[in-house]
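I am opening a notebook page on a structure that is new to me. I will write down each thing I look up, with the reasoning where there is any.

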Amino acid sequence: MTTAEDNVKKPRGRNETEEERADRMWQELIQEVRVAQMGVQILFGFLLTVVFTPTYRDLTDSDQAIYIVTVILGAAATGALIGPVSLHRIVSGRRVKPQAVQMASRLTHVGLVLLLATMTCSLLLILRVATHNPYVPWLVTGILLWYLLCWYALPFWTRRRHTSR
């Protein structure tokens with residue numbers, strides 16, 4: 001048998017000040033950014049070497065265009081994902097951590113979208129060169145959908161399903 005007290009919803013979340021919350025969120029964000037930074041930096045470094053290989057000259061104009069777009073996307077993703085570090089360094093000690101966390105979070109979201117585009121274009125280029133298969137666009141679309149499911153659909157579904165209003 002339930003009592004009236006059992007039916008009263010208990011507060012969820014943490015009992016923390018705005019500054020404590022900003023500190024916690026900053027630490028969580030930096031851990032997330034470290035993972036994404038590692039991936040984008042390795043991918044970008046690899047992309048930068050391709051133009052110096054003899055095979056690059058054999059690429060079709062379309063493949064060279066895909067390569068250039070991919071490098072530009074990789075450079076933009078790198079900038080966005082390293083941005084939170086610079087932001088923190090410049091505003092550290094200025095008592096604007098909540099605002100810095102919000103801006104760093106936005107940069108991270110942009111960086112992840114750019115990383116998604118970079119990875120998709122990289123995959124497209126690699127599969128076009130490696131296979132010359134007419135199914136390449138379908139394969140890349142399938143992987144893109146997988147990325148979208150893992151990076152956006154499942155997190156948004158989880159947020160919607162498990163977040164109180």
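In which helix is Gly 111 found? I find Gly 111 in helix H4, which covers residues 97–131, and I note before going further that the model I am reading is a predicted one.

**Entry on Gly 111.** I looked up the exposure of Gly 111 and got a relative accessibility of 0%, so this glycine counts as buried. Leaving aside neighbours within four places in sequence, I find Gly 111 in contact with Ala 77, Ala 80 and Leu 81. I also took the separation of the C-alpha atoms of Gly 111 and Arg 95, which is 25 Å for two residues that are 16 apart along the chain.

**Entry on Gln 37.** I turned next to Gln 37, whose place is in helix H2, residues 18–50. Its relative accessible area is 13%, and because buried means under 20%, I enter Gln 37 as buried. With the neighbours within four places in sequence left out, Gln 37 is in contact with Leu 81, Ile 82 and Val 85. Leu 81 is thus on my contact list for Gln 37 and on the one for Gly 111.

**Entry on helix H3.** I checked the length of helix H3, residues 61–91: at 1.5 Å a residue its 31 residues should span 45 Å, and the end C-alpha atoms are 45 Å apart, so the two values agree. I then looked for a bend and found one of about 35 degrees at Gly 83, with a proline, Pro 84, following within four residues. Just after H3, I noted that Gly 93 takes a positive phi of about 85 degrees.

**Entry on the UniProt record.** The unreviewed UniProt entry places the feature "transmembrane region" at residues 35–53, 65–87, 107–129 and 135–157. I compared two of these spans with the model. Residues 35–53 are 84% helix and 0% strand, with end C-alpha atoms 29 Å apart, while residues 107–129 are 100% helix and 0% strand, with end C-alpha atoms 32 Å apart.

**Entry on aromatic pairs.** How many aromatic pairs does the count come to? I get 2 aromatic pairs. In one of them, the rings of Tyr 56 and Tyr 67 have their centres 5.3 Å apart and their planes at 65 degrees, and I call the pair edge-to-face because that angle is over 60 degrees. This pair links distant parts of the chain, since Tyr 56 is in the loop between H2 and H3 and Tyr 67 is in helix H3, 11 residues apart. Both Tyr 56 and Tyr 67 are buried.

Tyr 147 and Trp 151 form a stacked pair, 5.5 Å centre to centre and with 20 degrees between the planes. Both lie in helix H5, residues 136–162, and are 4 residues apart, about one turn of the helix. Tyr 147 counts as buried at 15% relative accessibility, whereas Trp 151 is partly exposed, with a relative accessible area of 29%.

**Entry on cysteines.** I looked for disulfides and the count comes to 0. Cys 121 is in no disulfide, and the nearest cysteine sulfur, that of Cys 150, is 19 Å away. Why is the sulfur of Cys 150 too far for a bond? A disulfide needs the two sulfur atoms within 2.5 Å, and the closest cysteine sulfur to that of Cys 150, in Cys 121, is 19 Å off, which is therefore too far. I close the page with their exposure: Cys 121 counts as buried at 18% relative accessibility, and Cys 150 as partly exposed at 31%.

Methods
Residues are numbered from 1 along each chain as its sequence is written. This is a predicted model: local features need pLDDT of at least 70, side-chain atom pairs count only at pLDDT 80 or more; totals for chains, interfaces and linings use all residues. Side-chain values use heavy atoms; hydrogens and water are left out. Buried means under 20% relative accessible area, exposed over 50%, partly exposed in between (1.4 Å probe, protein chains only). UniProt positions are given in the numbering used here, feature names are shortened, and annotations may be inferred rather than shown by experiment. Helices (H or I, at least four residues) and strands (E, at least two) are DSSP runs, numbered from the N terminus. The expected span of a helix is 1.5 Å times one less than its number of residues. The bend at a residue is the angle between axes fitted to the seven residues ending there and the seven starting there. Contact means heavy atoms within 4.5 Å. Rings of Phe, Tyr and Trp (its six-membered ring) pair if their centres lie within 6.5 Å; planes under 30 degrees apart count as stacked, over 60 as edge-to-face and the rest as tilted.
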